[in-house]
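The following exercises concern a protein model with its sequence and structure. Each task is followed by a solution that proceeds step by step.

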Amino acid sequence: MHDTDYTVAYDGSFPGFLCACAEALNAREPVPRVVKATIPETLFEERCMVKRDDDRAAALWARLSNRAGPDAMRTLLEAFLSDVPEADTTAARAMRRVRVEGAFALRDLSDPVMLTLEKAARRAGMEAHMYCGLVRFSELSDGSWYAPVEPACDILLLIADHFSARFSTMRFAIHDLGRGSAVLHEPGSGWSIVAAFGLDISDGKIDGLLSDRERDIRRHWQLYFDTIAIEPRRNPTLQSSMLPKHFWNLITEMEGKTGST
Amino acid sequence: MRSGADVETIHKLEILSDAAKYDASCSSSGSARPAVPGGLGNGAVGGICHTWAADGRCVSLLKVLLSNACLYDCAYCVNRRSNDVPRAGFEPEELVRLVIDFYKRNYIEGLFLSSGVTGCPDTTMERMIGVAKTLRTRERWNGYLHLKAIPGASPELVTEAARWADRVSVNIELPSAASLARVAPDKSPAAIFSVMRTLSRASGFEPRRLLSAQTDTTQNPRHSLPQIGGPTVPVPATSLAPGGASAWPGLPAVSFQAAEPAPAYNATTPPLDRQSVHEARKGRYRNPESAVLPAGQTTQLVVGASPESDAAILGLAENLYLAYDVRRVYYSAFVPAGTDPRVPALPGPPLLREHRLYQADWLFRFYGFRADEILSPDRPNLDVDLDPKCAWALRNLDRFPVDVNKAEYLELLRVPGIGPRSAVRIVKARQRSRLTPESLKSLGIVMKRAAFFINLRPRCIAGQRPPPAGTNPARPGLCLKHGMINILQMKRIRPQRQRDTEKMRKQKRKEKESDHGGTETRSSRERKRKRERE
Ligand code: SF4
């Protein structure tokens, strides 16, 4: 005989997820699982859909931050953003313990939930760090900057602060081609994330929008990149283990090199 | 249309980055320089790699020379005055524009600027400082700036460079005074080490003077500056003291007593009389008032251009970490450039040796090892087939097996197969429940190696017997004799593997193809492969 599988579903957004978590945290035993609404319902599942409510999400976030501190919250966020299957469900389960025990709960790696959480968070964190180096901006003719990325994890939220601090005077967009979302930054007014972003181009190529100097600078950079390698030390295996080939598509200096998969 | 100026810049960029690429320093870490309103850029304290070149080295900074014309004649260097190469020099403005253009596109984390010696060391320094100043003040740029100091530059200019930069460094290059005199006759130890002392102070650390090694009784301990001298003929490697005590007359050498106080050790480890680099760095005090150089200094040693042993190189490196607060020592495999008789004609850069030295260096910085634990006068060179940690473990079998449920962090780190990340995970995970082989595996421990050196049930340590024939030798808690045999087997296999990876991969691909239409059986394929390998 199967027990009924109680679940709480949310719309896929982070605030929506927090609302679902709030629901699950308050629920009585058996603790419902938190799942994305896009996941099909199973036969033995009893699902309740939670509406996104930003105030409620913010309240839970603040409460947990007070209890566990910013580092723990970042771990939870990173795990949520990772592309590890059911990372959201895991993060919600971890939250139950975090609410009671604080950040200390995350240190308990003998608990499989915490171990999975740490690995998921690490994955997203590492990718975000990687992209801090791999984002390539192109200057458009209107003086703004555009960078396409294709990360496995949903890292925009994790890198937005870094780029806004560093390029505070630049108007820029970092565009996640796979998810369609983008970080938009305006000098003086900070950054925001839009769910669906598109450049105003008809033929799908951004070449027409680039500034005059852009192509020259790219050529300078490619030349530098090719020159800096020491020929007797050439080691393509090492290169692609440090920089796996799936990153190569959108990196200026790899243009025309046999890396596309 | 490309303008003439553009073509010229491209030409210069090619020459001047080609001339700078042999400096191994790549890091952009150590500085949290904040962004300023209306300015461009900031520092990322952990450093960020931006790409990896075809040789697999990380590219983080735009690494160029201001000029590759040089008055000096260092035999290992492509830019030496006796080498016939095209020369060029950036106009400061040109370089500043290049840096800003690259930085805004997020190609780079910052600039690494060095230069050949033009005029005298001081004028060269002044020109480099000029570029730094323009970047910081006019462009309000706060990216990472690594400046190279010229040996012999005045302390005032070196301090001035430190004011604008995140890191300033000077390369020692040759691991002994004798080699320096022979290979780089224009540079003197005094010129190099006085700059290092100034840099050490600029990062808030009063340079120490380590006592000389016991073998080195002729030294006058009050001399803190190195003196030039010693034989100018190549010194056979074996005659060099392991710590380089005789390699650098009067210079800090690996010693049995450091100037830094010896910590108290618990009884489980053998008494050590000197701090490890790891400990010294952890508790290091840097005076915030005199510290203007956030990321401190680094240096580089060329490997293979002179006859010093690995022990001499590592001894010197350890000393530099302890006495001068060097943040990193880079080891650069000598790439033969031209036919200068003062340096050996190598078939290629000694990459494996360089790799082993880096591994040993990691053992200093993150694992709490001391140089004399890794190498000694009777074992002056690192093992080619075994990594230094594994080699140490096999020499010190009496310290194993380690009980993962009880051992301290540093003890765990000494187990082959356990690195800093897994050691932290072990410490975290065992707080709540006892560790089992399965839980260790899920924590990311390389059980293939670690299994022979750890014990999960301490009661089994005493009276351990080899397992009956036929049991799985990869079982944790197994007797060390078997572990050792296994590792020694790995030792034989590994170099072969390195050579053959490429070949085997190709073969596998071919096999896969032939799997679809081929008639070979698996065992016949294996036999064939074996034959080929032999
Ligand atoms: S001083 Fe020596 S190492 Fe430096 S550029 Fe000149 S020749 Fe090369």
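**Exercise 1. Describe the sheet of chain A that contains strand β1, and the helices lying across it.**

Step 1. Begin with one strand pair: β1 (residues 5-10) of chain A and β2(A) run parallel and are joined by four bridges. Strands are DSSP runs of E with at least two residues, helices are runs of H or I with at least four residues, and both are numbered from the N terminus. Two strands count as paired if DSSP finds at least two bridges between them. Within this pair, Val8(A) has Val34(A) in β2(A) as its bridge partner.

Step 2. Extend the view to the open sheet, in which three strands of chain A follow the order β2-β1-β3 with parallel pairing. At its edges stand β2 (33-36) and β3 (45-49) of chain A, each of which pairs on one side only. On average, neighbouring strands of this sheet are turned by 35° against each other, direction ignored.

Step 3. Add the helices. Helix α1 (residues 14-26) of chain A lies across β1 and β2 of chain A and runs at about 150° to β1(A). Helix α4(A) also lies across β1 and β2 of chain A, at about 150° to β2(A). Axes here are lines fitted to C-alpha atoms, for helices over the stretch in contact, and angles run from 0 to 180 degrees between N-to-C directions.

A note on the source: this is a predicted model, in which local features need pLDDT of at least 70 and side-chain atom pairs count only at pLDDT 80 or more, whereas totals for chains, interfaces and linings use all residues. Residues are numbered from 1 along each chain as its sequence is written, chains are lettered from A and ligands numbered from 1 in the order in which they are written, and side-chain values use heavy atoms, leaving out hydrogens and water.

**Exercise 2. Characterise the interface of chain A and chain B.**

Step 1. Count the participants: 58 residues from chain A and 61 residues from chain B take part in the contact, where contact means heavy atoms within 4.5 Å.

Step 2. State the area. About 5300 Å² is buried between chain A and chain B, and carbon and sulfur atoms give 57% of it. Buried area is the accessible area (1.4 Å probe) that two parts lose on being put together, summed over both.

Step 3. List the polar features. Six salt bridges are found across the interface of chain A and chain B, a salt bridge being a side-chain nitrogen of Lys or Arg within 4 Å of a carboxyl oxygen of Asp or Glu. One of the salt bridges joins Glu214(A) to Arg105(B), with the closest N and O atoms 2.9 Å apart.

Step 4. Assign the chain A side to its helices. At least two residues each come from α4 (87-101), α5 (112-134), α6 (156-166), α7 (214-228) and α8 (236-242) of chain A. The largest share, twelve residues, is supplied by α7(A).

**Exercise 3. Identify the salt bridge partner of Arg123(A) and place both residues.**

Step 1. The side chain of Arg123(A) forms a salt bridge with that of Asp83(A), at 2.7 Å from N to O.

Step 2. Arg123(A) belongs to helix α5 of chain A, whereas Asp83(A) is in the loop between α3 (70-81) and α4 of chain A. The two residues are 40 residues apart, and the pair links distant parts of the chain.

**Exercise 4. Locate the backbone exceptions at Pro401(B) and Arg140(B).**

Step 1. Recall the background: most residues other than glycine have a negative phi, and most peptide bonds are trans.

Step 2. The peptide bond from Phe400(B) to Pro401(B) is cis, with omega near -5°. Pro401(B) is found in the loop between α11 (388-395) and β9 (402-403) of chain B.

Step 3. Arg140(B), although not a glycine, has a positive phi of about 50°. Arg140(B) is placed in the loop between α3 (121-137) and β5 (144-148) of chain B.

Terms used. Contact = heavy atoms within 4.5 Å.
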